[in-house]
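I am opening a notebook on a structure that is new to me. These entries record what I looked up, item by item.

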Amino acid sequence: MIQASNFSLDKIGNHLIAKCDVAGPGLPKMLWFAAETDDESALEIDEPNWAAVALLYPAMGLGQDLEIKAKISPRLLFNLNNDVQHLFQTFNPNLKKIRVIAETGDPKIYASDLKRHAITGFSGGVDSSATYVLYSGKDVPESMRISALSIYDVGALGRTPKNPSFEHLQPHYDKLKSFCDTREIEAFGISSNLRQIFRPVRKNNLNLVFLAATVSLRNIAATMAMQNRVKYYYPSGARGYSDIGVSNVESCELFEPVTDALLSTESLFCQTGAAGLDRAEKIKLLSTVDFARTELNVCVGDSEQRGSSEFLNCGKCWKCVDTQFEADGMGVLKEFAHVFDINAFRENRDQMLESLIESNVSFEDEFHKKLFSIASLYETHQQDAPAKLLEITKQLKDGGAIPRNTPKARPGALKRFIAKIR
């Protein structure tokens with residue numbers, strides 16, 4: 001059995017730490033979350049729903065019942081013992097059905113004068129920027145309107161410290177804080193050791209990218225750690241309703257609209273942000289938004305690539321190229337002239353397309369759909385499509401294959417996934 005017990009708050013420097021002891025095969029002895037502040041209202045231990053969500057997947061992967069020695073949300077406990085497990089077993093048949101054991105009581109009630117926010121995680125990429133735009137407008141009910149942005153370290157930022165610390169996340173949080181200050185909204189940051197918590201069950205994961213298989217659980221656990229401050233959470237996934245799938249998929253993001261509702265509690269509601277829009281529609285939306293036209297950051301190029309460009313994005317990595325093609329196909333690329341070298345792109349579209357093809361050598365089925373989607377954008381918006389794109393999509397329609405040079409090594413799985421969530 002896996003057990004979580006001895007929930008407590010601590011302070012390290014000017015950061016508040018919520019933690020508990022963990023007992024279980026191969027697991028670290030502690031689960032912790034560190035906030036950007038030392039304010040004792042920043043993190044939640046009275047109803048530590050975060051422990052149940054963080055430890056569920058490891059427990060199912062190890063085939064161990066999970067006991068939370070504290071009171072948690074009755075709604076969450078019921079769903080964790082039922083539909084949530086069925087959902088993740090469909091996604092990954094290697095996972096075992098387990099019992100989640102915890103006390104329940106009356107759901108926690110928050111004082112009416114306590115400011116609790118509607119938030120989304122924010123990286124400055126297409127998905128999180130679109131969520132922020134959609135849920136911060138004046139037409140959004142005030143109770144649902146985004147009033148804070150968050151950033152988490154749940155394993156996507158590389159190696160994290162074993163002991164409680166905020167240092168690894170600090171530079172990322174500082175950038176978010178600057179963005180939020182100019183818009184007079186709050187900035188939240190949560191660091192964690194979830195990378196270590198999930199590590200013992202990596203070998204039981206059928207999917208290409210382990211982080212992609214568990215990212216929804218990680219992000220919601222981090223949000224639950226600051227449940228005192230959050231009432232609505234809009235995860236900014238790369239997939240929405242049109243892509244929903246559970247079996248034979250590589251990422252739990254493809255069923256996040258279902259997961260988010262099942263992991264909501266009586267006091268924290270989760271709803272996938274901008275789930276009704278596909279990526280192209282998000283880009284078109286952002287082409288009308290001032291901050292996105294000057295600050296959109298989708299680049300996954302290394303420091304050398306980014307450092308050699310006078311623009312925010314390198315313009316040459318596969319994510320930059322993909323974004324520029326979609327914007328070009330809709331006739332809105334000119335709106336992003338401050339973040340991409342659009343002249344270089346327009347002069348080299350065929351070469352850019354070839355580089356995009358080579359970078360997606362191991363994802364042919366998914367990429368073929370992407371090529372047809374881009375070609376459709378050019379046709380629908382009556383834009384002049386690159387000759388190379390028309391040639392390749394015609395070949396595919398005729399049953400041919402895309403001609404390739406010697407395949408390049410596929411980028412690391414983790415790097416590809418992080419790129420997807422920008």
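Before anything else I fix my terms: I call a residue buried when its relative accessible area is under 20%, exposed when it is over 50%, and partly exposed in between. I also keep in mind that this is a predicted model.

**Entry: a positive patch.** I looked up R199 and found it in the loop between α6 (194-198) and α7 (210-225). Its relative accessibility is 40%, so by my terms R199 counts as partly exposed. I then noted that R199 belongs to a positive surface patch, which is formed by R159, K162, R199 and R202.

**Entry: salt bridges.** How many salt bridges does a search of the whole structure find? The search gives 15, and I followed three of the pairs.

The side chains of K11 and E40 meet in a salt bridge, with 3.7 Å from N to O. K11 lies in strand β1 and E40 in the loop between β3 (30-35) and α1 (49-62), so this pair ties together parts that are 29 residues apart in sequence. K11 is partly exposed at 39% relative accessible area, whereas E40 is exposed at 54%.

For D181 and K177 I noted a salt bridge of 2.9 Å, N to O. Both residues lie in helix α5 (residues 170-183), where they are four residues apart, about one turn of the helix. D181 is partly exposed at 44% relative accessibility, and K177 is partly exposed at 31%.

The third pair is R279 and D322, whose side chains meet in a salt bridge at 3.9 Å, N to O. R279 is in helix α9 (residues 279-286) and D322 in helix α12 (residues 318-329), 43 residues apart, and the pair links distant parts of the chain. Are these two residues buried or exposed? R279 has a relative accessible area of 14%, so I write it down as buried, and D322 is buried as well, at 6%. I also found R279 and D322 in a network of salt bridges that links D127, R279, K282, D322, E326 and K370.

**Entry: cysteines.** I looked for disulfides, taking a pair of cysteine sulfur atoms within 2.5 Å as the rule, and the count comes to zero. C252 is in no disulfide, and the nearest cysteine sulfur, that of C270, is 13 Å away. C252 is buried, with a relative accessibility of 0%. Why is there no bond between C317 and C320? The sulfur of C320 is the closest cysteine sulfur to that of C317, but at 3.5 Å it is too far for a bond. C317 is buried too, at 6% relative accessibility.

**Entry: positive phi values.** I began from the general expectation that most residues other than glycine have a negative phi. N6 has a positive phi, near 55°; it is found in strand β1 (residues 2-12) and is exposed, with a relative accessible area of 54%. N248 is not a glycine either, yet it has a positive phi of about 55°. I placed N248 in the loop between β9 (230-233) and α8 (256-262), and at 81% relative accessibility it counts as exposed.

**Entry: N348.** Last, I looked up N348, which is found in the loop between α13 (342-347) and α14 (349-359). N348 is partly exposed, with a relative accessible area of 28%. The C-alpha atoms of N348 and P386 are separated by 9.6 Å, while the two residues are 38 residues apart along the chain.

Conventions:
Residues are numbered from 1 along each chain as its sequence is written. This is a predicted model: local features need pLDDT of at least 70, side-chain atom pairs count only at pLDDT 80 or more; totals for chains, interfaces and linings use all residues. Side-chain values use heavy atoms; hydrogens and water are left out. Helices (H or I, at least four residues) and strands (E, at least two) are DSSP runs, numbered from the N terminus. Buried means under 20% relative accessible area, exposed over 50%, partly exposed in between (1.4 Å probe, protein chains only). Patches are made of residues with over 30% relative accessible area and no salt bridge: like charges are joined within 9 Å, nonpolar side chains (Val, Leu, Ile, Met, Phe, Trp, Tyr) within 5 Å. Accessible areas come from the Shrake-Rupley method with a 1.4 Å probe; for residues, only the protein chains shown count as cover. A salt bridge is a side-chain nitrogen of Lys or Arg within 4 Å of a carboxyl oxygen of Asp or Glu. Lys and Arg count as positive and Asp and Glu as negative; His and the chain ends are not counted. The place of a charge is taken as NZ of Lys, CZ of Arg, CG of Asp or CD of Glu.
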